[in-house]
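Subject: The structure we talked about

Hi,

Here is the structure I promised to pass on. Have a look at it first, and then read on for what turned up.

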Amino acid sequence: PSTLLQAITYQRFIVRLTTHPSDACKMLMPSLFSICLLAWMQITQAENLSDLSETIMVTTNTTHCKCDLMSCDVKDSPDCAEGLSVFKAGEDPLEKLSITFKNGGGGDWSKVTNYQVKACFSDPSISDRPWRKKKDEISKNKQCLKKDIDSADWDSPSTSEITIHWEVKSSIPKAVYYVRVFAKDADGNHVAYGDSDVTSGFFKVSGYDGLEPGIVAGAVILSVLSWAILIGYFAYTTFFQKEA
């Protein structure tokens with residue numbers, strides 16, 4: 001019965017296609033839309049952090065200070081006796097954050113071709129800040145800065161150790177951070193990850209007040225122009241308009 005029904009439906013569609021092509025196209029639209037939607041969902045399948053193996057060992061040149069959910073002033077180890085390591089954004093280019101990472105063992109690294117390094121906010125630095133909301137889906141996770149610290153090819157990822165140096169730019173918000181490193185395959189899919197808070201703790205970025213030099217210059221110019229327009233308008237209405 002189902003085969004007979006399919007044959008009848010197909011025959012009706014062929015008749016409609018030959019007699020009323022526009023109606024036949026309308027009949028196809030829902031099916032074509034469903035096929036395209038399924039293909040798009042397959043291509044853009046969400047990647048979750050919880051599905052990845054945490055097998056990358058990440059270390060930094062910082063004190064081994066930890067954070068709890070409320071504060072990053074917790075000094076629970078001798079390595080944190082001096083407090084959090086502080087990097088002044090945009091003002092001390094000689095003081096760079098050194099980041100070293102390698103395969104810590106485990107997982108399938110045969111497909112890994114490149115790496116991605118990101119700076120991520122600590123839990124206290126995302127508290128009451130919905131624009132930094134933590135999410136398991138990697139593409140929607142706002143806890144990490146959108147701009148990468150670094151991303152490049154990773155030669156011999158199973159055995160090699162990589163060290164990079166990050167100069168904290170003036171645009172980096174003032175907060176407490178840790179470093180996250182992703183291993184990715186040739187298609188850009190995430191394979192594994194690792195966080196520096198596990199091994200090296202957290203570090204602090206200070207000195208950024210939220211204003212770029214260009215923004216300050218623009219604000220000054222607009223302020224001067226606004227006063228000039230106001231004074232000019234006042235002078236015009238007081239002296240010239242009365243004479244007219």
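Let's start with Ser-139, which sits in the loop between helix H3 (123-126) and strand S5 (150-153). Keep in mind as you read that this is a predicted model. Is Ser-139 buried or exposed? With a relative accessibility of 65%, Ser-139 counts as exposed, because the cut-off for that label is over 50%. Its side chain makes a polar contact of 3.3 Å with the side chain of Glu-137. Now find Asn-48 as well: 91 residues separate Ser-139 from Asn-48 in the sequence, yet from C-alpha to C-alpha they are 8.4 Å apart in space.

The loop between H3 and S5 also holds Asp-128. Asp-128 is exposed too, because its relative accessibility is 73%. What catches the eye here is the backbone: phi of Asp-128 is positive, about 60°, although the residue is not a glycine. As background, most residues other than glycine have a negative phi. Ser-156 goes against that trend as well, with a positive phi near 50°. You can find Ser-156 in the loop between S5 and strand S6 (161-166). Ser-156 is partly exposed, because its relative accessible area is 48%.

Back to the loop between H3 and S5 for the disulfide. How many disulfides are there? The count comes to one, and it is formed by Cys-120 and Cys-144, with their sulfur atoms 1.9 Å apart. The two cysteines are 24 residues apart and link distant parts of the chain: Cys-120 belongs to strand S4 (residues 112-121), while Cys-144 lies in the loop between H3 and S5. In case the term is new to you, a disulfide is a covalent bond between the sulfur atoms of two cysteines. The torsion about the S-S bond of Cys-120 and Cys-144 is about 85°, so this disulfide is right-handed. Are the two cysteines buried or exposed? Cys-120 is buried, because its relative accessibility is 0%. Cys-144 counts as buried as well, because its relative accessible area is 10%.

Next, the sheet. Three strands make an open sheet in the order S1-S3-S6, with antiparallel pairing. Strand S1 (56-60) and S6 are the edge strands, each pairing on one side only. From one strand to the next, the twist averages 20°. In general, strands of a sheet pair through backbone hydrogen bonds, either parallel or antiparallel.

Which strands does S3 pair with? Five bridges join S3 to S1, and the two run antiparallel. Strand S3 (residues 97-103) also pairs with S6 in the antiparallel sense, over six bridges. A good residue to click on is Thr-100 in S3, the bridge partner of Thr-59. Thr-100 also stands opposite Thr-163 in S6, so following these three threonines takes you across the sheet from S1 to S6.

S1 is a nice one for looking at faces. Its covered face has Ile-56, Val-58 and Thr-60, and its uncovered face has Met-57 and Thr-59. That fits a general pattern: in a regular strand the side chains alternate between the two faces of the sheet.

One more residue in S3 is worth a look, and that is Asn-103. Asn-103 counts as buried, because its relative accessibility is 18% and the cut-off is under 20%. The side chain of Asn-103 reaches the backbone nitrogen of Gly-105 at 2.8 Å, and a polar contact of 3.4 Å joins it to the side chain of Trp-109. Leaving out residues up to four places away in sequence, Asn-103 touches Thr-55, Trp-109, Trp-154, Pro-157 and Ser-158.

Finally, the whole protein. Its secondary structure comes to four helices and nine strands, and along the sequence these follow the pattern α-α-β-β-β-β-α-β-β-β-β-β-α. There are 244 residues, and 31% of them count as buried. The protein exposes about 16,000 Å², with carbon and sulfur atoms supplying 59% of that area. Among contacts with a separation of 6 or more, 78% are between residues 24 or more positions apart.

Happy exploring!

Definitions and conventions:
Residues numbered from 1 in each chain as written. Predicted model: local features only at pLDDT ≥ 70, side-chain atom pairs only at ≥ 80, totals over all residues. Heavy atoms only, no water. Buried < 20%, exposed > 50% of the residue type's maximum accessible area, 1.4 Å probe, protein only. Polar contact = N/O pair within 3.5 Å; in protein donor to acceptor, adjacent residues only side chain to side chain. Contact = heavy atoms within 4.5 Å. Areas by Shrake-Rupley, 256 points an atom, 1.4 Å probe, with all protein chains shown as cover. Axes fitted to C-alpha atoms, helices over the stretch in contact; angles between N-to-C directions. Disulfide = S-S within 2.5 Å.
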